[in-house]
Structure formats: C-alpha cells, structure tokens
Amino acid sequence: MNPDHEMSVSVSDLEKNFSEVTAALKPKEAIDEASRCLFCYDAPCVKACPTGIDIPMFIKRIATGNLLGSAKTIMEANPVGASCARVCPTSELCEGACVLNGASRPIMIGLLQRHATDWAIRNKRVLFSPGESNGKSVAIVGGGPAGLSAARELARLGYYVTVYEAREKAGGLNTYGIVSFRLPQEIALWETEQVEALGVRFKYGVRVGEDISPEELSDSHDAVLLAVGMASVPRLGIEGEELAGVYDALPLIEATKTKPLTGEFIGKKVAVIGAGNTAIDAATCAKRLGAEQVQMLYRRTEKEMTAYDFEYEFAKQDGVEFRWLVAPKRILGQGGRVTGLVLQRMRLGEPDKRGRRKPLPIDGSEFALETDFVIKAIGQERHLPLIESFGLEHQGGVVKVDPSTYQTSRANIFAAGDIIFGGGKTDAMVVDAAQQGKRAAQSIHESLQGLVSTA
C-alpha cells in the first residue's frame with residue numbers, strides 16, 4: 001500500500017470517477033456526424049442490430065433536426081434503446097457492419113443514438129400511447145430489459161400488464177448491475193417511466209414464489225412471461241471465503257449506484273476473479289474507488305475471456321492488470337480480514353463438449369498473492385426454485401422454450417431473457433434481451449387472440 005496515495009485521495013475525489021466516461025456529442029458534432037451517413041438501401045447496420053432499429057432513418061432525422069422523430073424511431077424498435085446506446089458492443093454490431101469501415105471510419109451510431117434519446121430524456125417526452133383495451137391481462141415476472149420490452153409492446157397492443165419486480169426499482173441489470181460511468185441509473189429509470197406512462201402497473205418488492213404463488217399468478221392473468229434474468233454469484237467453494245473483504249461483484253457495483261461512495265478501497269490491493277463483462281465492471285469500479293492495484297485473475301487465457309474487446313481495452317486504460325492461467329485455491333486472512341490469496345497455475349487441455357479448452361492445474365505450482373480484497377465475478381446462478389415452482393422443463397436452470405414463440409412447456413407461460421439463455425456462451429446482451437421481450441410479447445398476443453395454436 002502506498003500511504004501517500006491514500007492520503008492524497010478523499011471520498012469526495014471519487015465522485016467524479018463515476019461520471020460518464022464517454023462524452024456526449026455536441027449538437028453540431030451530431031449533425032456533422034449524421035451527415036456522413038450514406039443512408040444505405042438495405043443497410044447492413046440494420047441487419048447487425050438484434051432489435052432491427054432503422055438506423056439510416058434515425059440518423060437522417062438527426063441530420064434534419066427532427067430529434068423527436070429520431071428518438072421515436074430508436075425506441076419503437078428497442079424499448080431500452082437509451083441504455084443500449086451506451087452499453088451495446090457497437091463495434092461488433094451496427095458500427096462493425098457499417099459500409100464505411102475500411103474506407104474511412106464507421107458512423108458513430110451509438111453516440112448518435114445516445115444524442116437522440118438524451119434529447120427525449122431532457123425534454124421529458126413520452127414517446128408512445130397505450131392501445132385500446134382488449135380486456136385481457138398479462139403478468140410479467142421481472143422488470144429488466146426483457147420484461148420492460150415485453151410490457152411496452154403488450155401495453156401498446158391493449159393488454160392490462162402487471163410487472164412483478166422483486167427490487168424497489170425496475171430496469172434490472174441496467175439499473176443495478178452496470179457501472180454508473182458507463183450507464184447512469186437515471187437512463188434506465190427513464191425507460192421504465194416510458195413503460196409506466198402506458199398504464200403498465202409495477203408491483204415492487206414482490207417475489208413470485210414467496211409473496212405470491214405461481215398458481216395465483218397464472219389463475220389471475222391470461223398469460224405469464226418469466227423474465228427474471230439471473231440470480232446471485234455462486235460461491236467459490238474455497239477456504240477463507242467467509243472473511244471480511246470478500247465481495248460479490250454485482251452487490252459491489254450496485255452499492256456504487258445506490259449508496260454514498262466510501263473510502264474503503266483507497267490505497268488498497270484488489271483481486272478480481274473472473275474475466276467477463278461484470279468482472280471488468282467490478283475491476284474498474286475498484287480502481288475508481290481509489291484502489292492502488294487491481295488485478296484480474298482468470299484460469300484461461302486472454303483468447304478465452306468472455307468480456308467484450310472494448311471493455312477489455314477500457315480496463316487496461318484504467319490501469320487494471322491481468323494475470324492469465326491462474327485459479328484461486330484459498331483465501332488467506334488475519335484477524336477475520338483478507339490478507340492474501342493462494343493461486344494455482346493452470347494449463348489448457350483439450351476442448352470440452354462446448355468447444356472451450358478445459359483449464360487443468362499444474363502440480364506444485366501454488367503461490368501467494370498479497371491482496372486486501374477479493375471480488376468474485378464468476379457468473380451467476382439460475383433461479384431454479386422459481387422455475388421448478390412453475391413446473392417448467394429446463395436444463396440446468398435454462399428454461400426450455402419453443403424458439404419461434406418463447407412458449408415454455410406450460411401453455412400460456414412464456415419466457416425471455418437470461419432465463420432462457422445458456423449453452424456455454426457469454427451472457428446475453430441487453431439488446432438481445434430487449435428483442436426477446438418484443439418477440440415474446442408478439443407470441444403472447446397471437447396466442448391470446450387465437451391467431452396461432454399453443455398446442
């Protein structure tokens with residue numbers, strides 16, 4: 001620990017570290033950038049967007065000064081389009097498909113999307129209206145991106161929609177689990193307000209399976225959509241995990257978005273276990289909370305890490321260090337607090353059934369790492385008790401659905417978002433969850449209106 005560093009940083013100094021790191025476009029910059037667009041016919045950027053936003057249209061409306069029309073075009077296709085403007089891996093999606101790649105540089109689609117939706121937020125515009133009531137009701141369990149998207153679509157189709165949300169606010173990962181310097185909480189809450197403005201009712205602090213049974217839910221609604229996402233971070237299952245100074249990544253991130261910042265990490269050493277997007281967020285959080293050294297520890301190599309490339313680059317720019325092919329064996333402590341971490345070196349074996357090379361321990365390779373905090377970011381568990389209380393078919397907590405309708409093994413029970421996402425890939429993107437919510441809503445509508453068979 002560097003005592004000079006600890007003395008030179010105060011808690012008030014930390015607050016600016018959690019302001020958005022990417023500056024918004026100024027009005028003239030936005031118009032100039034929009035004017036670069038070729039407005040392609042059959043645009044590849046649209047095909048690369050999971051929600052199919054008409055990107056040339058929203059950019060053309062920015063170029064002509066129609067910011068309301070631009071925001072409507074974005075949000076029509078993507079009910080969480082303001083959040084996605086900030087968190088989508090645009091270099092891998094729309095911007096990666098831009099025809100200007102190579103010739104010059106791709107259009108800054110993400111920043112233009114943010115420019116239009118920020119205008120709607122600042123001007124408190126309600127973008128859509130509810131449909132004429134059709135007398136039917138739908139329950140949505142979970143108010144994250146998939147649940148919000150489905151609720152918005154169903155309300156516009158005339159359904160009476162109730163969202164059952166266990167937390168005190170909706171938005172899911174966007175509200176609680178993505179760092180403020182990438183996605184401020186007020187952005188996700190504005191998207192919730194857009195859904196509430198359509199007459200959707202939110203029941204906060206209600207846990208389905210505890211406060212209301214699945215039977216009550218299905219009996220009192222014409223259809224149910226499960227969109228609860230993922231559960232808590234699993235245990236490492238190693239000695240010392242109960243010591244003070246061991247954190248789960250998501251509660252740590254949430255605390256920086258919902259509570260006053262503290263100086264707990266100032267001048268300290270932090271070890272983050274994992275190499276996904278949440279691990280990156282936890283590591284950069286720790287660094288911005290004043291940690292002197294942050295190391296990310298991963299049992300595979302850089303090639304196998306699941307974090308987006310832009311996240312990885314951002315973490316390196318923030319001063320996060322990476323150690324590959326190491327796995328935690330036990331956490332060391334003194335006086336009930338973390339003092340270090342014993343690691344074992346690994347090597348990669350043959351690919352497993354999912355195609356990923358399996359990490360194998362190297363005998364006699366253990367070594368100790370001095371650290372003050374250990375942050376676990378090794379994925380999340382599934383909502384098995386909830387899934388089983390509904391009597392749904394699943395595989396390891398991944399609910400089985402008809403891929404074309406999102407219908408589960410029970411009639412009039414549908415599912416979307418992370419609860420149906422699995423198979424050894426990375427977690428679903430926010431934009432994927434939004435699209436699944438939209439498609440599930442359309443399937444619910446078709447089922448309840450007798451447009452398709454649910455047999």
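Before I start on the elements, a definition: helices (H or I, at least four residues) and strands (E, at least two) are DSSP runs, numbered from the N terminus. Residues are numbered from 1 along each chain as its sequence is written. What you see is a predicted model, where local features need pLDDT of at least 70, side-chain atom pairs count only at pLDDT 80 or more, and totals for chains, interfaces and linings use all residues; side-chain values use heavy atoms, with hydrogens and water left out.

I'll take one sheet, then another, then a pocket.

One open sheet has five strands in the order 3-2-1-4-16, with parallel pairing; two strands pair if DSSP finds at least two bridges between them. Its edges are strand 3 (201–204) and strand 16 (413–415), each of which pairs on one side only. From one strand to the next the twist averages 20 degrees. Strand 1, residues 137–141, runs parallel to strand 4, residues 223–226, and four bridges join them. Within that pair, I140 stands opposite L225 in strand 4.

Now the helices on this sheet. Helix 10, residues 145–156, lies across strand 1, strand 2 (160–165), strand 3 and strand 4, at about 170 degrees to strand 1. Contact here means heavy atoms within 4.5 Å. Axes are lines fitted to C-alpha atoms, for helices over the stretch in contact, and angles run from 0 to 180 degrees between N-to-C directions. Helix 18, residues 430–448, lies across strand 1, strand 4 and strand 16, at about 165 degrees to strand 4.

Next sheet. This is also an open sheet of five strands with parallel pairing, and its order is 5-13-6-7-8. Strand 5 (246–248) and strand 8 (321–324) are at the edges with a single partner strand each, so one side of each has no neighbour in the sheet. Neighbouring strands are turned by 25 degrees against each other on average, direction ignored. Strand 5 and strand 13 (residues 373–376) run parallel and are joined by three bridges; V374 in strand 13 is the bridge partner of V246.

Which strands does helix 14 lie across? Helix 14, residues 249–258, lies across strand 5 and strand 13, at about 80 degrees to strand 5. Helix 15, residues 277–288, lies across strand 6 (269–273), strand 7 (293–298), strand 8 and strand 13, at about 165 degrees to strand 7.
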